[in-house]
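Let's take a walk through this structure together. We'll begin with one small detail and then step back to see the rest.

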Amino acid sequence: MKRINMFKINKISEMKYILGSILCCVAFCICISFTGRKPKGLTVITYNVWNGFESQNQRRDTFVQWAKKQNADVIAFEELNNFTQVKFSDLAKTWGHPYAVICKESGYPVGISSKYPITNVYKLMKGMHHGCLYGEIEGISFFVVHFSPFSSAKRMQEADSVLKTLQEKKRLKGEVIVLGDFNAFSPHDSLFYAQSGARDSMFVAEKKNKVLQNLNEANEIDYKVVRGFLNAGLFDSFSLFHKTFQNSYPSMVYPTVPLSSKCRIDHLLISEKLKKRCKSLEIIKDSVTDTLSDHYPLKSVFQ
């Protein structure tokens, strides 16, 4: 009869215990990495880049260097004039965005670039002055808009089309960002416009140029476009962080414009679900954006 080596049995049991403990730790770490990790942040910019950087290589290169420093996860563009899908995609890679989509290749296109895949892309073109672009990034629905600069009635029609699309996609209750150049005033700025003389300035401009119909039927400033989005459950992210007016147009490209010509027509509107994650919104005014475009860009950070 063989003698039982108790020392060996105890050693094997000890090794099994250690191995089991290691496997439990590894399993726990894997579980935490997938279920308990902190949500990553997301930085979003929207920028009207003035006729495709005015087709000037120097302006374009200046933007590329500026965009690299901003290190945004998503950038929405208006006025990508003279860009094709290929040219836009190639340029986006220079600031670290391997994914990019443009809505069309003529006129005044909107577009979006991202560090992450852009899925479920939809190009809203019918009845739109410049066209709009929908895409989903990291679970967030983005709608890049550039509404008519000439007619309040046309802008209202375009806004209704965007809202109808979001309703059809059943996204209004989710995480949604509608951003871009709305060419429309926010009701949150109504006190400023009442004091700046904006209405009278617009009235005079319409008398001189019959193409312009930016006042409403009562010849007053029309807030219906932005208010329509607010009534649908979206929030004007600028007003969440700022109590005083700031203009997004014009930039210092036009340094001597009167107060009545200053306006905030670039917006980043967010759904209630994203409101809880939105940590900041700023109109970026620096030595580059003062003269790179006639608009200033907006930048928002989400947790």
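Start with a single polar contact: the backbone oxygen of serine 161 lies 2.8 Å from a polar atom of the side chain of threonine 165. Such a contact is a pair of N or O atoms within 3.5 Å; within protein, one must be able to donate a hydrogen and the other to accept it, and residues adjacent in sequence count only if both atoms are side-chain atoms. Threonine 165 sits in helix H5, residues 152–168. It is buried, with a relative accessible area of 7% (buried means under 20%, exposed over 50%, partly exposed in between, with a 1.4 Å probe and protein chains only). Apart from neighbours within four places in sequence, threonine 165 is in contact (heavy atoms within 4.5 Å) with Tyr122, Leu124 and Phe143.

Before going on, a word on what you're looking at. This is a predicted model, where local features need pLDDT of at least 70 and side-chain atom pairs count only at pLDDT 80 or more, while totals for chains, interfaces and linings use all residues. Residues are numbered from 1 along each chain as its sequence is written, and side-chain values use heavy atoms, with hydrogens and water left out.

Now step back. The protein has 11 helices and 12 strands; these are DSSP runs numbered from the N terminus, helices being H or I with at least four residues and strands E with at least two. Six of the strands form an open sheet in the order E3-E4-E2-E1-E12-E11, with mixed pairing (two strands pair if DSSP finds at least two bridges between them). At the edges are E3 (99–102) and E11 (278–283), each pairing on one side only. Further in, E1 (residues 42–48) and E12 (residues 298–302) run antiparallel, joined by 5 bridges. One pairing to look for is leucine 42 with its bridge partner in E12, phenylalanine 302. Helix H3 (residues 57–70) packs on the sheet, where it touches E1, E2 (74–78) and E12, and its direction makes about 155 degrees with that of E1. Angles run from 0 to 180 degrees between N-to-C directions, using axes fitted to C-alpha atoms, for helices over the stretch in contact.

How far can you trust the picture? The mean pLDDT, the predictor's confidence in each residue from 0 to 100, is 91 for the protein. Among the elements, E2 has the highest mean (99) and helix H1 (residues 6–35) the lowest (44). Where pLDDT is low, the predicted coordinates should not be read in detail.
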